[in-house]
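Student: I am new to this structure and should like to understand the terms used to describe it. May we go through them one at a time?

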Amino acid sequence: MKCVAQSSRKTLQATSRPFKVVFAEEQGLDAGGLFRELFSSLANELQSARLPLLVRTSQAENRASDSEGGWALSPTCASSDRGRRLLRFFGNLIGSAICCKEPLNLDLSPCVWWQLCGGRLSCRERDHRVPPNGTALAKVGSISQMLEYGKETFDEVVGMGGDFSFSVQSLDGTPSPLGATADGLTICFDNAKTFVARAERFIEEEQMGAVRCVLQGIEDVVPRAAFQCLGWSLLEESACGKKHFTASDLKPLIDYRSGLSESSPSIEILWQVLEGFDKPMLGKFLRFVTGRSRLLPQNRPGESLNTNISIRQLSVSGNPDNYLPRAATCSFSLEWPAYNVFEAAKTKLEYAILNCDEIDGDGGYAQGYGQMEESDNDEEDE
């Protein structure tokens, strides 16, 4: 991360791959695959407990789908010099991803993108996004509902016990007293409206310090007017790519080589396998072939991003159903055995994409590469 953080503004503004990557003790040559692997590794590290930039949202912990995004900016990160530098670097990465069109696989809450575009969060107004702090929102909602039943019922419920401290839990899990004299104060009917008002303001503004640092980082690379005019959803797609896609979305990106076509029996089997994959598995397939788990944003008129995937037939000796597919992420190519049986193709492809999710062992392929009984399949061949 230090090398990326020390990159010049001109480097980060590059519209193509801004620098080349070398992995220690690896033989891969960076024709794009290693660079994409670096971006993927950075995104994974940012969305982990190793760094204090992001926190898991309570909605993400309890969600049934992944539409809301799992991470928010840590409010406490902006309270230290180191934290502010990290947040600004995070903004630099987002800006660089927009410029060079190399998507960062970030699962941020829509609230983050909304605020980066100048939007305001609101606990009540429908034309604004609801803040991501579900735990605090639940407490505020509960107190507001108790107020509707009057003082007697309110006091009865408080007497039954529970969390009635004059504080809310912040996004990073720490209790935040609402006011200078709030420590040790208990919510009662007489001060409940004050609690609700203070809590809502705290929840709505909780991330703003961190948002300002990230904005500063993006502005180091891209003018604010240029990215805020996109709107929050297009800004997310410009920085992170298209998260949800189907097998049908991949078909226009395919170039068939070595005599193959969409009607070739082995290719028909490939599409049957892909059409049976869920969204996470499709993302893993795309990562196996391209080093990315998301599709790039739509091309602008007259713009070519050279993102097509080439599929060639893998030459093997013996029964092709015994062989694994082979991919080279630098050239976006898939070498596909001429499978005869659907189950064999499905089993081999699933094994490859689930066990080859990072670059490893480049340049050291043994003879008979790809045969499942003899060796594992490595992702990069450059």
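Tutor: In this predicted model, the largest cavity is lined by Ile254, Leu270, Trp271, Leu274, Phe285, Ile309 and Ile311.

Student: What makes these residues the lining of the largest cavity?

Tutor: A lining residue has an atom within 4 Å of a cavity point; Ile254, Leu270, Trp271, Leu274, Phe285, Ile309 and Ile311 are therefore counted as lining residues. Helix H14 (265-275) and strand S6 (309-313) are the elements that give two or more residues to this lining. H14 gives the most, with 3 residues.

Student: How is the lining of the largest cavity divided into nonpolar, polar and charged residues?

Tutor: The division is 7 nonpolar, no polar and no charged. Ile, Leu, Trp and Phe count as nonpolar, so the lining residues fall into that class.

Student: How many cavities of 30 Å³ or more does a search of the whole structure find?

Tutor: The search finds 1, and the volume of the largest cavity is about 30 Å³.

Student: Let us turn to the helices. Why is H5 called roughly perpendicular to H12?

Tutor: The axes of H5 (residues 81-100) and H12 (residues 232-240) cross at roughly 80° and come within 7 Å. Angles of 65 to 115 degrees count as roughly perpendicular, and H5 is therefore described as roughly perpendicular to H12.

Student: Which residues of H5 and H12 meet?

Tutor: From H5, Ile94, Ala97 and Ile98 meet Leu235, Ser238 and Ala239 of H12. The residues of this contact divide into 5 nonpolar, 1 polar and no charged.

Definitions and conventions:
Residues are numbered from 1 along each chain as its sequence is written. This is a predicted model: local features need pLDDT of at least 70, side-chain atom pairs count only at pLDDT 80 or more; totals for chains, interfaces and linings use all residues. Side-chain values use heavy atoms; hydrogens and water are left out. Axes are lines fitted to C-alpha atoms, for helices over the stretch in contact, and angles run from 0 to 180 degrees between N-to-C directions. Helices (H or I, at least four residues) and strands (E, at least two) are DSSP runs, numbered from the N terminus. Angles under 35 degrees count as roughly parallel, over 145 as roughly antiparallel, 65 to 115 as roughly perpendicular and the rest as oblique. Contact means heavy atoms within 4.5 Å. On a 1 Å grid over the protein atoms alone, a cavity is a set of points where a 1.4 Å probe fits but cannot get out, and a pocket is an open set with protein on both sides within 12 Å along at least five of seven lines; lining residues have an atom within 4 Å of a point. Grid points are joined across faces, edges and corners, and a volume is the space filled by probe spheres set on the points.
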